[in-house]
Amino acid sequence: MGDDILNRGLEGIRVAETRLSDIDGEAGELTIGGYSVDELARNATYEESVFLLFHDRLPSPDELDEFRADLAGQRTIGDEVRAVLRRAADEDKPAMDALRMGAAAANLGAGAEDPEADARRVIAVFPTIVATYWRYREGEAPVEPREDLRHAANYLYMLTGEEPDDPAVRGLETYLNTVVDHGLNASTFTARTVVSTESDVVSAATAAVGALKGPLHGGAPGPVLDMLRTVHERGDPEAFVREKLDAGERLMGFGHRVYRVRDPRAAVLSAAASEFYEDAGDTEFFESVKAFEDVAVDLLAEHKPDRRLDTNVEFYTAALLDGVGIPKELFTACFAVSRVGGWTAHALEQLGDNRLIRPLSTYVGDHDRSWTPVVER
Ligand code: ACO
């Protein structure tokens with residue numbers, strides 16, 4: 001096998017056909033289920049986005065009612081899952097660890113009769129798992145899910161115990177739609193790999209949570225918020241950016257492996273955040289965020305003239321999620337609450353036309369060693 005080409009990180013290798021999402025990194029365009037991310041994010045409820053991914057078309061009113069009711073009716077988690085989440089909170093485990101443990105238990109007590117039923121169940125319980133963990137972390141009793149609220153509204157309700165207002169629901173829903181799917185990123189590839197063995201959708205989602213947790217994938221928006229708050233308090237964004245770049249640090253929320261222009265999701269989230277802060281009559285923080293972006297993009301161009309470094313999705317994620325009231329400790333888990341729609345849709349797509357994902361590795365060890373008995377070593 002010595003002549004095989006080694007592709008570290010599988011860069012540039014296509015391993016699946018998908019109708020779920022398409023990224024044009026040069027033009028800065030993202031299509032999800034045939035709609036531009038902007039069109040989808042502004043108009044859809046989260047339930048519609050997921051139905052679209054599962055069925056490649058928008059639901060009729062009756063289908064949407066059925067889909068919503070089915071998800072809403074499956075939001076409750078059992079005492080055994082709560083016990084695990086309480087323990088995770090008591091031991092100060094990160095939210096993504098709690099979510100991974102809760103996700104693994106998603107089909108406890110529920111039959112895995114068909115993969116889409118599993119997918120719906122996992123999507124339904126993710127917000128409950130995250131909110132229950134958070135309530136325990138805060139020393140509060142968990143809030144029971146409400147079936148009459150939409151997915152996004154119920155998630156906010158379970159976090160705070162109060163019915164959220166429309167701007168907060170709309171802001172969160174725009175976020176959930178914007179990041180619901182994004183090509184064959186590491187966690188989505190993980191999900192497809194797991195079901196390619198004809199394993200199940202719950203296992204795929206659980207493994208994907210583990211992949212998303214890492215700082216090279218889902219972990220940036222918390223540090224972005226810290227940076228934005230510091231600059232807002234201190235003023236002088238130019239001095240701040242120069243300090244970071246001179247110290248050889250990377251500026252969180254900028255640069256992307258695929259996009260060579262501004263991440264189109266940044267535009268969607270920026271518009272949503274702008275609307276949200278205006279509605280709230282609190283534009284001062286958001287003004288400083290926008291000013292920071294302008295300064296940062298200019299200075300990054302000066303810093304790396306040969307490599308376009310522009311704003312990525314995490315920059316405005318931080319501003320928007322903070323505005324709608326999501327604690328920064330939950331930013332990555334909130335990403336998972338959305339992306340589980342993409343993971344499960346990819347798992348179903350993979351199962352529909354499956355081929356075991358089984359790449360090769362290049363062996364760089366020795367051959368023909370002779371065994372040495374333990375007493376002689
Ligand atoms: N700030 C300063 N310099 C940067 C930045 C940045 N944000 N991003 C890249 N660079 C520099 C690198 O230091 C490197 O310089 P060098 O050639 O002198 O070593 C050059 O640009 C190329 O960087 P790579 O690491 O090759 O770029 P890659 O495409 O692998 O990285 C990544 C993309 C990881 C997103 C990177 O831009 C980064 O670390 N950004 C900051 C963290 C961040 O915002 N992460 C969230 C990404 S969005 C998402 O994944 C959901």
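Student: In this predicted model, what makes the pair of Phe-254 and the ligand a polar contact?

Tutor: A polar backbone atom of Phe-254 is 2.8 Å from a nitrogen atom of the ligand. The cut-off for a pair of N or O atoms is 3.5 Å, so this pair counts as a polar contact.

Student: Which ligand atom does the backbone of Leu-251 approach, and at what distance?

Tutor: A nitrogen atom of the ligand, 2.8 Å from a backbone N or O atom of Leu-251. That is within 3.5 Å, so the pair is a polar contact.

Student: What does the side chain of Arg-257 add?

Tutor: One of its polar atoms lies 3.1 Å from an oxygen atom of the ligand. The limit is 3.5 Å, so this is a polar contact too. As for cover, the ligand taken alone exposes 920 Å², and the protein buries 71% of that.

Student: Which residues around the ligand come nearest?

Tutor: Arg-250, Leu-251, Gly-253, Phe-254 and Lys-304, out of 18 residues around the ligand. By class, the shell has eight nonpolar, five polar and five charged residues. The space the ligand takes is the largest pocket.

Student: How many aromatic pairs does the structure hold?

Tutor: Eleven. One of them is formed by Phe-54 and Phe-67.

Student: Why is the pair of Phe-54 and Phe-67 called edge-to-face?

Tutor: The centres are 6.2 Å apart, within the 6.5 Å limit, so the rings pair. The planes stand at 85 degrees, over 60, so the pair counts as edge-to-face.

Student: Where in the chain do the two rings sit?

Tutor: Phe-54 is in helix H2 (residues 46-55) and Phe-67 in helix H3 (residues 61-72). They are 13 residues apart, and the pair links distant parts of the chain.

Technical notes: Residues numbered from 1 in each chain as written. Predicted model: local features only at pLDDT ≥ 70, side-chain atom pairs only at ≥ 80, totals over all residues. Heavy atoms only, no water. Near = heavy atom within 4 Å. Polar contact = N/O pair within 3.5 Å; in protein donor to acceptor, adjacent residues only side chain to side chain. Areas by Shrake-Rupley, 256 points an atom, 1.4 Å probe, with all protein chains shown as cover. 1 Å grid on protein atoms, 1.4 Å probe; cavity = no way out; pocket = protein on both sides within 12 Å on 5 of 7 lines; lining within 4 Å. Sits in = over half its atoms within 2 Å of the grid points. Nonpolar A, V, L, I, M, F, W, Y, C, P; charged D, E, K, R; others polar. Phe/Tyr/Trp six-rings, centres within 6.5 Å; stacked < 30°, edge-to-face > 60°. Helix = DSSP H or I, 4+ residues; strand = E, 2+ residues; numbered from the N terminus.
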